[in-house]
Amino acid sequence: MALHMSAQAQTTRRGWNLSSSTPRARAARTLARGNARTHGAVGQRRLRALASRQTRRHSDTTSLVAARSSTTSIAQTSSESSDDSGESRSSTEAEAHAHWRNVAILVAGVMLTVNMHRSAFSSVAMVLQKDYAITTSQMGLLHSAQLWGYGAGQIPSGILADKIGGPLILFAGAFMWSVCTAFFPHVASWTNPFISMVILRILFGFFSAVALPATTATTSQVVPLARRATTISLIYASFNMGTVVGMAATPALTVTGGWSKSFELYGSIGMVWSAAALIFLFVTKAGMQKRLPKVNAKANRGSRIQNTWKQLTSMSRGSILQILGLLWSHSVIGFGYFVLLSWVPTFLSSQVGMSSPRMLGLLSAVPFLTTAVLACFVGNIADYLIVKRKWAVSATRRLMMVFSTLGPALGLAMLAMTPTQATFAPLYALIALTVSMGFQAFNYPGFHAYVQDVAGPSGNAGLLLSVTNTGGVIFGAVGNLLTGVMVEKTGTFASVFWSSSALYVLSFFVWCTIMTGEELK
């Protein structure tokens with residue numbers, strides 16, 4: 001037994017591994033077998049136990065080394081993959097933001113043209129009524145016809161803008177709506193001018209439906225977050241300047257060369273600008289999303305539909321409430337904005353007694369000019385509060401929305417009480433209109449920036465705005481139809497303005513109650 005223990009201790013001290021096949025190990029096993037024969041069964045059992053322990057120790061050591069080697073390899077691979085992914089993301093973001101200022105300028109120009117084209121029709125509405133014997137109700141139908149096409153194109157525009165790229169969809173749509181504008185005077189001379197005008201107004205609305213969803217997708221995809229509110233506000237300042245140009249210049253052009261010349265001129269400007277923007281886009285690839293291969297798109301179509309349906313059905317209650325709140329807020333914005341855009345010249349002419357076409361155009365443009373000027377400042381104020389004063393983003397958006405709901409409510413209530421027979425009626429109406437439209441500027445760093453905030457990095461900002469804007473378009477179309485009918489029956493705009501004011505007050509309470517600023521889940 002003593003000899004056996006001596007051999008065991010010697011084997012352990014020298015670190016012989018009994019499970020290996022080295023010469024030293026074979027010698028150790030031979031010595032162990034000899035000792036086992038010498039000391040009997042007890043020694044044999046003890047040696048077998050020693051060999052088993054050594055085997056387990058060797059196995060554990062080998063596994064530990066292998067695990068450490070595997071972990072190190074995985075970590076290195078993961079690190080390299082992460083670095084490559086990070087570099088790829090950084091490269092993609094750098095490419096997306098490289099031309100953002102140039103893209104923003106082109107978008108601002110396109111947004112100017114769309115409102116210039118819209119307001120041109122509003123400016124010549126009374127001339128068209130006289131030339132083609134169109135009643136006030138029929139004129140309301142023509143105003144709303146543009147919104148039918150506009151509403152039908154909202155969601156497709158948002159989906160395409162998110163998938164393909166906002167700038168491409170916006171500039172292509174701008175070219176097509178410009179063609180409709182330039183062609184409108186020729187359609188009006190056809191056999192049935194009223195039906196022809198309705199059809200072309202629908203087409204114009206359909207192609208111009210890309211304006212807001214594609215602009216939202218563009219700023220979300222291209223513009224850095226720290227400059228987003230300012231950029232959005234400046235783009236929509238240009239948007240409102242289009243109304244100023246259209247309402248101020250169209251009556252003067254109508255007096256000198258006829259209303260058809262203004263449409264042809266505006267359409268040509270839009271086609272040239274949008275064509276130049278498309279060329280820039282294809283040269284620089286700015287803001288253009290990479291498309292999936294067709295094979296993958298077909299293979300994954302079913303799974304994408306299933307995932308989308310799963311996301312919709314599993315959406316949190318808070319997210320659903322926010323979407324409903326956004327839908328309601330945009331509906332109220334659409335009702336107030338489109339009614340004023342379509343009927344301001346008619347209101348000033350028929351209710352306040354403005355008879356000079358040039359003066360009528362200038363006064364109609366002042367409220368929208370105020371919106372454009374204020375939009376240049378309120379976006380900077382919102383960014384200053386967030387970046388410099390460290391305000392919460394949701395608190396900043398809420399402050400902007402307080403002004404953009406209660407301000408128009410006050411202005412519209414003033415309009416409803418316009419003393420139409422007083423000598424100061426034109427000045428009073430101008431002040432009330434300026435208040436109504438001026439506070440609309442707070443929508444851009446408020447509502448429109450909020451949509452991009454809650455859409456998050458999902459890339460669905462364009463789709464979300466197209467959904468909410470559909471509500472605005474429906475309310476706008478209904479508002480135009482109701483305005484035409486109510487004015488024809490009552491001879492006054494007071495009931496229309498009171499209704500719109502009440503909607504804005506309700507929108508204020510909805511926003512303060514529901515909108516939390518949390519990203520949609």
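## Cavities and buried helices

This structure holds 5 cavities of 30 Å³ or more. Keep in mind as you explore that the model is predicted. Let us start with the two largest of these spaces and then visit a few helices and residues.

The largest cavity contains about 180 Å³ of space. Of the 15 residues lining the largest cavity, those closest to its centre are Leu212, Phe239, His330, Ile333 and Tyr337. Three helices, α10 (228–257), α14 (317–350) and α18 (444–455), each give at least two residues to this lining. Which helix supplies the largest share of the lining of the largest cavity? That is α14, with 5 residues.

The second largest cavity has a volume of about 90 Å³. Its lining is made up of His117, Phe121, Cys180, Thr181, Phe184, Leu200, Arg201, Phe204 and Phe263. Here α3 (100–123), α7 (166–187) and α8 (193–208) each contribute at least two lining residues.

The table sets the two cavities side by side.

| Cavity | Volume | Nonpolar lining | Polar lining | Charged lining |
|---|---|---|---|---|
| Largest cavity | about 180 Å³ | 8 residues | 6 residues | 1 residue |
| Second largest cavity | about 90 Å³ | 6 residues | 2 residues | 1 residue |

Next comes the chain as a whole. How many helices and strands are there in the protein chain? You can find 20 helices and 0 strands. Of the chain's 521 residues, 48% count as buried. The accessible surface of the protein chain comes to about 24,300 Å², and 65% of that surface belongs to carbon and sulfur atoms. Among contacts with a separation of 6 or more, 83% are between residues 24 or more positions apart.

Helix α9 makes a good stop on our tour. It runs over residues 211–222, which makes 12 residues. From its first C-alpha to its last, α9 reaches 16 Å, close to the 16 Å expected at 1.5 Å a residue. Is α9 mostly covered or mostly uncovered? It is mostly covered, with 11 of its 12 residues buried. Among these buried residues are Ala211, Leu212, Pro213 and Val222. You have already met Leu212, which is one of the residues closest to the centre of the largest cavity.

Now look at two single residues. Gly270 sits in helix α11 (residues 259–284). Why does Gly270 count as buried? Its relative accessibility is 3%, and a residue is called buried when that value is under 20%. Not counting residues up to four places away in sequence, Gly270 touches Thr113, His117 and Ser178. His117 also appears in the lining of the second largest cavity. The C-alpha atoms of Gly270 and Met116 are separated by 9.5 Å, although these two residues are 154 residues apart along the chain.

The other residue is Thr483, found in helix α19 (residues 461–490). Is Thr483 buried or exposed? Thr483 is buried, because its relative accessible area is 1%. Leaving aside neighbours within four places in sequence, Thr483 is in contact with Val339, Trp343, Phe493 and Val496.

Key: Residues numbered from 1 in each chain as written. Predicted model: local features only at pLDDT ≥ 70, side-chain atom pairs only at ≥ 80, totals over all residues. Heavy atoms only, no water. Helix = DSSP H or I, 4+ residues; strand = E, 2+ residues; numbered from the N terminus. Buried < 20%, exposed > 50% of the residue type's maximum accessible area, 1.4 Å probe, protein only. Contact = heavy atoms within 4.5 Å. Expected span 1.5 Å × (residues − 1). 1 Å grid on protein atoms, 1.4 Å probe; cavity = no way out; pocket = protein on both sides within 12 Å on 5 of 7 lines; lining within 4 Å. Points joined across faces, edges and corners; volume = space filled by probe spheres on them. Nonpolar A, V, L, I, M, F, W, Y, C, P; charged D, E, K, R; others polar. Areas by Shrake-Rupley, 256 points an atom, 1.4 Å probe, with all protein chains shown as cover.
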